[in-house]
Amino acid sequence: MILRDKSIILGVTGGIAAYKAVEIASRLVKGGAQVDVVMTPAATHFVGALTFQAITGRPVAIEMFALLRETDIAHVSLAKRADLLIIAPLTANTLAKLAHGLADNLLTAVALDTRAPLLLAPAMESGMWENPLTQENLTRLRQVRDVVVVGPATGRLASGAMGVGRMAEPAEIVDAARWVLGRMGLLKEKKVVVTSGGTREPLDPVRVFTNRSSGRMGVALAAAARDAGAEVTLIHTSGGPPVPWGVRAVEVETAQEMRDAVLEAVAEADALIMAAAVADYRPAQTSEQKIKKTSGPLVVQMERTPDILAEVAARRAELPRLRAVIGFAAETEHVVENARDKLRRKRLELIVANDARAAMGAETNQVTLIAADGSVEELPLLPKEQVAERIIARLATLL
Ligand code: C5P
């Protein structure tokens with residue numbers, strides 16, 4: 001949603017990574033943005049303008065002097081109305097020009113003219129990136145402009161050498177774009193804690209009890225809250241989707257570790273969303289050594305884990321800032337009735353009820369939102385990203 005109808009200028013400069021800008025354009029267009037690509041003349045040596053034109057469905061601008069032939073000076077107006085200017089890849093050369101206000105090609109002219117935030121994805125050889133001149137240029141630019149920098153990453157560079165200077169991945173750049181566009185959203189200045197994934201309860205050094213949670217729902221919620229401008233802390237277990245850009249992540253393994261992390265994080269938070277599939281039971285004893293197999297059966301005594309939401313509920317009086325606690329009810333039968341009961345017992349503002357069999361590990365979810373005021377909203381089967389947006393919209397009303 002956050003990308004829909006946004007006007008984004010994608011500046012492409014002359015580096016090998018220019019071909020990856022095609023994927024950035026494609027992802028932005030798929031998200032519903034209107035994308036205008038502006039290439040430097042050097043970029044055209046690496047990737048064809050026609051490729052961008054086909055993907056964005058809009059003309060690609062390269063030549064500064066073509067501008068003079070246009071009656072409405074379209075690219076000047078473009079600079080004025082853009083919501084965001086992304087430059088990916090950004091060469092050391094163009095960075096130097098930006099830092100000094102040069103406008104010797106259409107891209108640098110647009111960059112100088114626009115007041116839109118700048119999202120930069122530098123890509124260059126390590127020597128160029130680490131050169132104090134390049135670093136000074138970046139510092140200088142940051143002092144005068146609203147600049148967000150993604151990467152560069154460490155990896156294989158154009159020269160074949162390993163080092164810092166690789167352009168961040170297109171998915172990460174688009175994720176960062178969502179963060180920039182969402183900064184002023186409905187949840188601006190709100191702190192939201194989200195948990196995700198299935199906890200893992202060790203039996204011995206090599207064996208764990210866990211569940212089928214993929215972490216997708218929780219990560220989608222963290223991304224949606226971030227898109228709405230919230231400051232998000234994601235308390236997650238390993239193996240889930242990548243942590244969204246701009247989200248603070250705390251990795252935990254067991255229910256106990258998740259409890260400790262949640263109690264620490266909620267002390268400052270406005271909202272808590274417990275999307276994690278927290279184990280209800282753990283082995284009562286964990287063995288220091290790997291348990292040897294024998295010919296007979298193995299009996300494992302299980303004990304209860306802490307109920308995190310119950311502990312948060314018990315502390316609500318000491319947490320005046322915490323205005324909304326959202327829980328999940330993953331049931332396999334009597335979904336809504338059980339959820340209602342849980343909402344009351346755990347003193348939640350909202351509960352998201354779903355059928356555990358359909359939701360766990362899947363890309364889609366069909367949920368019913370039940371609020372403390374008794375209202376019931378049944379959502380259709382949707383991708384988890386869209387379910388997350390609907391839940392975050394409800395959270396915004398709660399806050
Ligand atoms: O009671 P039940 O475990 O079914 O409730 C599910 C909700 O409670 C989920 O939001 C889950 O994250 C949370 N939960 C918890 N602590 C546990 C188990 C579940 O906070 N030990």
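Let me start with His-334, which in this predicted model is exposed, with a relative accessible area of 51%, and that value counts as exposed because the cut-off for the term is over 50%. If you follow the chain to this residue, you will find His-334 in the loop between β16 and α12, the helix that spans residues 335–345. What is the phi of His-334, given that it is not a glycine? His-334 has a positive phi of about 45°, and I mention this since most residues other than glycine have a negative phi. A second residue belongs under the same heading, namely Arg-347, where phi is near 50°, again a positive value in a residue other than glycine. Arg-347 is found in the loop between α12 and β17, the strand covering residues 350–355.

Staying with the backbone for a moment, I would like to turn to two peptide bonds, bearing in mind that most peptide bonds are trans. The bond from Ala-88 to Pro-89 is cis, with omega near -5°, and Pro-89 has its place in strand β3, which runs over residues 84–90. The bond from Gly-151 to Pro-152 is also cis, with omega near 0°, but here the proline, Pro-152, lies in a loop, the one between β5 (147–149) and β6 (153–156).

Let me now step back to the chain as a whole. Its secondary structure comes to 14 helices and 21 strands, and its C-alpha atoms fill a box of roughly 80 × 50 × 40 Å, taken along the principal axes. Of the 399 residues in the chain, 50% count as buried.

Two buried residues are worth pointing out individually. Ala-21, whose place is in helix α1, residues 21–30, has a relative accessible area of 0%, so it is buried. The C-alpha atom of Ala-21 is separated by 7.1 Å from that of Pro-170, although the two residues are 149 residues apart along the chain. The other is Asn-105, which lies in the loop between α4 (92–99) and α5 (106–113) and which is buried as well, with a relative accessible area of 9%. Which backbone atom lies 2.8 Å from a polar atom of the side chain of Asn-105? It is the backbone nitrogen of Thr-108.

That brings me to the ligand, which sits in the second largest pocket. It is surrounded by 14 residues, and the closest of these are Met-274, Ala-276, Pro-306, Phe-328 and Lys-342. By character, the residues of this shell divide into 8 nonpolar, 2 polar and 4 charged. Two elements, α11 (308–314) and β16 (324–331), each supply at least two residues of the shell, and β16 is the strand we met earlier, at one end of the loop that holds His-334.

Looking at individual contacts, a backbone N or O atom of Ala-276 lies 2.7 Å from an oxygen atom of the ligand. For Phe-328, a polar backbone atom is 2.8 Å from an oxygen atom of the ligand, while for Leu-309 the corresponding distance, again from a polar backbone atom to a ligand oxygen, is 2.9 Å. How much of the accessible area that the ligand has on its own does the protein cover? The ligand on its own has 450 Å² of accessible area, and the protein covers 87% of it.

Methods
Residues numbered from 1 in each chain as written. Predicted model: local features only at pLDDT ≥ 70, side-chain atom pairs only at ≥ 80, totals over all residues. Heavy atoms only, no water. Near = heavy atom within 4 Å. Polar contact = N/O pair within 3.5 Å; in protein donor to acceptor, adjacent residues only side chain to side chain. Areas by Shrake-Rupley, 256 points an atom, 1.4 Å probe, with all protein chains shown as cover. 1 Å grid on protein atoms, 1.4 Å probe; cavity = no way out; pocket = protein on both sides within 12 Å on 5 of 7 lines; lining within 4 Å. Sits in = over half its atoms within 2 Å of the grid points. Helix = DSSP H or I, 4+ residues; strand = E, 2+ residues; numbered from the N terminus. Nonpolar A, V, L, I, M, F, W, Y, C, P; charged D, E, K, R; others polar. Buried < 20%, exposed > 50% of the residue type's maximum accessible area, 1.4 Å probe, protein only.
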